[in-house]
Amino acid sequence: MNYKTYLFDFDYTLADSSRGIVKCFRIVLTRHQYLTVTDEAIKRTIGKTLEESFSILTGVTDPAQLAAFRQEYRQEADIHMNVNTRLFPDTLSTLTALKKQGARIGIISTKYRFRIVSFLEKYMPEDFLDIVVGGEDVKAAKPSPEGVRFALEHLGSAPQETLYIGDSTVDAETARNAGVDFAGVLNGMTTAEELQAYPYKIIMRNLEELVR
């Protein structure tokens with residue numbers, strides 16, 4: 001891997017927040033009597049917008065109801081998310097190695113930027129990451145290329161010198177739409193076969209393969 005810029009998804013790529021995500025979904029779904037949704041089904045929606053996830057899990061399509069679900073979820077996430085999130089063991093060492101190589105590193109996620117930043121502040125200095133783009137920073141969520149293109153413009157990076165790393169087909173599609181290379185990591189619920197349906201440079205079992 002010899003790129004100048006490495007952009008990462010967050011959930012299931014840099015960190016395992018599935019416990020917090022499932023807890024927040026479960027509280028909201030139970031409140032509205034959706035009692036048969038499995039943890040597995042919830043985990044399969046990680047990486048999508050909250051509205052998309054709730055629609056998949058409940059069958060609801062009314063935008064107002066989905067927005068209300070999102071707001072309830074956000075209130076629960078303020079309580080339960082970060083305390084139930086853990087970095088993967090090789091996250092910090094991989095990011096540090098890339099920084100030492102002189103690479104620019106950032107995060108592009110559907111998760112709220114403020115939540116990512118507040119979680120990471122206990123693990124890394126404020127200026128460690130070159131950019132964090134969250135759901136509140138874009139008009140169109142992934143797989144729209146808006147977040148990646150915003151980061152490239154902010155960093156002065158060219159698409160051909162950029163690698164986007166993620167765990168899901170949403171991430172793979174985002175990279176393709178943005179015209180940047182993609183590396184898949186098998187930290188989440190998506191299989192290698194599912195990721196291989198999209199253009200990719202490498203499918204990794206863990207992040208440290210980026211710097212081996």
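# A walk through the fold

Gln33 is exposed, with a relative accessible area of 59%. Exposed means over 50%, buried under 20%, and partly exposed in between (1.4 Å probe, protein chains only). This is a predicted model, so local features need pLDDT of at least 70 and side-chain atom pairs pLDDT 80 or more, while totals for chains, interfaces and linings use all residues. Residues are numbered from 1 along each chain as its sequence is written, and side-chain values use heavy atoms, without hydrogens and water.

Stay with Gln33 for a moment. Where does Gln33 sit? Look in the loop between helix 1 and helix 2 (39–44). Helices (H or I, at least four residues) and strands (E, at least two) are DSSP runs, numbered from the N terminus. Gln33 is not a glycine, yet its phi is positive, about 70°. Most residues other than glycine have a negative phi.

Now go back along the chain to Tyr12. Its phi is positive too, near 70°, and Tyr12 is not a glycine either. Tyr12 sits in the loop between strand 1 (5–8) and strand 2 (15–16). Is Tyr12 buried or exposed? Tyr12 has a relative accessible area of 6%, so the residue counts as buried.

One peptide bond also deserves a stop. Most peptide bonds are trans. The bond that joins Lys142 and Pro143 is cis, with omega at about 15°. To find Pro143, trace the loop between strand 5 (131–133) and helix 7 (146–155).

Strand 5 itself is next. Ile131 belongs to strand 5. This residue is buried, because its relative accessibility is 7%. His154 lies 23 residues from Ile131 along the chain, and their C-alpha atoms are separated by 8.1 Å. Val132 is in strand 5 as well. With a relative accessible area of 15%, Val132 is also buried. Compare Val132 with Glu40: they are 92 residues apart in sequence, and 28 Å lies between their C-alpha atoms.

Turn to helix 3, the home of Ser53. Ser53 is buried because its relative accessibility is 2%. From Ser53 to Phe25 is 28 residues in sequence and 9.4 Å in space, C-alpha to C-alpha.

Phe25 leads to the aromatic rings. Which residues join Phe25 in a cluster of ring pairs? They are Tyr34, Phe54, Phe69 and Tyr73. Rings of Phe, Tyr and Trp (its six-membered ring) pair if their centres lie within 6.5 Å; planes under 30 degrees apart are stacked, over 60 edge-to-face, and the rest tilted. The whole structure holds nine aromatic pairs.

Charged side chains meet rings too. Arg74 sits over the face of Tyr112, 4.4 Å from the ring centre. Lys99 does so over Phe128, at 5.5 Å from the ring centre. Such a charge has NZ of Lys or CZ of Arg within 6 Å of the ring centre and within 35 degrees of the ring normal.

Next comes the largest nonpolar core, with 26 residues. A nonpolar core is a set of buried Ala, Val, Leu, Ile, Met, Phe, Trp, Tyr and Cys residues joined through side-chain atoms within 4.5 Å. Tyr6, Phe8, Leu120, Ile165 and Leu210 touch the most other members of the largest nonpolar core. Strand 1, helix 5 (91–100), strand 4 (104–108), helix 6 (113–120), strand 6 (162–166) and strand 7 (181–185) each give this core at least two residues. Helix 6 supplies the largest share, three residues.

Finish at the largest pocket. How many residues line the largest pocket? The lining has 32, and Lys48, Thr49, Leu50, Thr110 and Lys111 lie nearest the centre. On a 1 Å grid over the protein atoms alone, a pocket is an open set of points where a 1.4 Å probe fits, with protein on both sides within 12 Å along at least five of seven lines; lining residues have an atom within 4 Å of a point. Helix 1 (18–31), helix 3 (50–58) and helix 4 (63–80) each supply at least two lining residues. Helix 4 gives the most, with four.
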